[in-house]
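Colleague: I'm new to this model and would like a close look at one part of it. Please take me through the charged side-chain pairs and what surrounds them.

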Amino acid sequence: MTDAAPDRRNRADAGERQNLEAFLDDYRDIVVRKVSGLSDADARRRLVVSATTVGGLVKHLRWVEYGWFDQLLQERLDDNRRTHERSWEFDFLPEESLATLVAEYQTQCDESRRIAARFPLDHAVPHRRFGTVSLRWIYVHMIEETARHTGQLDILREQLDGATGFDG
């Protein structure tokens with residue numbers, strides 16, 4: 001496991017945008033810390049009834065970042081869905097490695113930050129299912145989405161090697 005990153009959320013003087021970005025970035029970092037040190041074999045293990053795996057969750061979160069920030073916020077599409085089947089995002093393929101999936105996730109998170117930085121929180125875009133969503137809404141949704149999957153990673157990690165808690 002790697003050392004814990006400083007808690008960016010513990011800033012009473014931060015503004016709304018700084019808080020939204022800090023919460024999302026903390027969860028992004030937790031995702032990476034939760035999977036750190038796992039082998040590809042462990043990241044492929046199915047420990048629950050569904051097809052959910054550590055590697056599949058990391059792969060899905062990479063595509064979630066892409067869908068909401070790259071596709072939707074830049075108005076390339078009027079939805080955050082991708083052209084591939086959603087189930088593919090959760091399938092940790094034999095030719096993939098956890099290290100590559102983590103690197104792709106981190107790269108996409110960096111790109112999401114760059115994209116979001118160009119827009120004010122009130123910037124709104126049309127969404128096929130939700131009507132109109134603002135960058136603020138996207139941040140809140142991404143915090144929820146990333147936190148939910150981080151909780152799943154926490155449970156899977158505990159089943160794999162007993163590591164628990166915020167950092168491992």
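Modeller: Let's settle one word before we start: buried means under 20% relative accessible area, with exposed over 50% and partly exposed in between (1.4 Å probe, protein chains only). Keep in mind that this is a predicted model, where local features need pLDDT of at least 70 and side-chain atom pairs count only at pLDDT 80 or more, while totals for chains, interfaces and linings use all residues. Numbering starts from 1 along each chain as its sequence is written, and side-chain values use heavy atoms, with hydrogens and water left out.

So, the pairs. Searching the whole structure turns up 15 salt bridges (a side-chain nitrogen of Lys or Arg within 4 Å of a carboxyl oxygen of Asp or Glu).

Let's begin with Asp70 and Arg76, whose side chains meet in a salt bridge at 2.7 Å, N to O. The two ends sit in contrasting surroundings: Asp70 counts as buried because its relative accessibility is 8%, whereas Arg76 is exposed, with a relative accessible area of 52%.

Just beside Arg76 in the numbering comes Glu75, and its backbone is worth a glance. Most residues other than glycine have a negative phi. Glu75 isn't a glycine, yet its phi is positive, at about 60°. You'll find Glu75 in the loop between helix 3 (54-73) and helix 4 (86-89); helices (H or I, at least four residues) and strands (E, at least two) are DSSP runs, numbered from the N terminus. At 46% relative accessibility, Glu75 counts as partly exposed.

Asp70 also leads us to a helix pair. Along with Gly55, Val58, Lys59, Leu61, Arg62, Glu65, Tyr66, Phe69 and Leu73, Asp70 is a helix 3 residue that takes part in the meeting with helix 5. Contact here means heavy atoms within 4.5 Å. On the helix 5 side, the residues include Leu98, Leu101, Val102, Tyr105, Cys109, Ile115 and Ala116. Two packed helices are described by the angle between their axes and the distance between the axes. For helix 3 and helix 5, the axes come within 9 Å and cross at roughly 20°. Those axes are lines fitted to C-alpha atoms, for helices over the stretch in contact, and angles run from 0 to 180 degrees between N-to-C directions.

Now over to a pair inside one helix. Arg17 forms a salt bridge with Glu21, and their closest N and O atoms are 2.8 Å apart. The two belong to helix 1 (residues 16-35), and because they are 4 residues apart there, about one helical turn separates them. Arg17 counts as partly exposed, at 22% relative accessibility, and so does Glu21, at 27%.

Arg17 has company from further along the chain, too. Setting aside neighbours within four places in sequence, Leu121 is in contact with Glu16, Arg17, Leu20, Ser134, Leu135, Arg136 and Tyr139. Leu121 itself sits in the loop between helix 5 (98-117) and strand 1 (124-127). It's a loop residue, but Leu121 is buried, with a relative accessible area of 10%. As for Arg136, it lies 15 residues from Leu121 in sequence, with 4.8 Å between their C-alpha atoms.

Helix 1 has a packing partner as well: the axes of helix 1 and helix 6 come within 9 Å, crossing at roughly 25°. Helix 6 (residues 135-161) holds its own charged pair, Glu144 and Arg148, which are 4 residues apart, about one turn of the helix. Their side chains meet in a salt bridge at 3.0 Å, N to O. Glu144 is partly exposed, with a relative accessible area of 38%, and Arg148 is partly exposed at 39%.

Beyond separate pairs, there's a network: Asp25, Arg28, Glu65, Asp110 and Arg113 are joined into one by salt bridges that share partners. You've already met Glu65, since it is among the helix 3 residues that meet helix 5.

Finally, zoom out to see where this all sits. The chain has 6 helices and 2 strands, and from the N terminus on the elements run α-α-α-α-α-β-β-α. Of the 168 residues in the chain, 45% are buried. Among contacts with a separation of 6 or more, 73% are between residues 24 or more positions apart.
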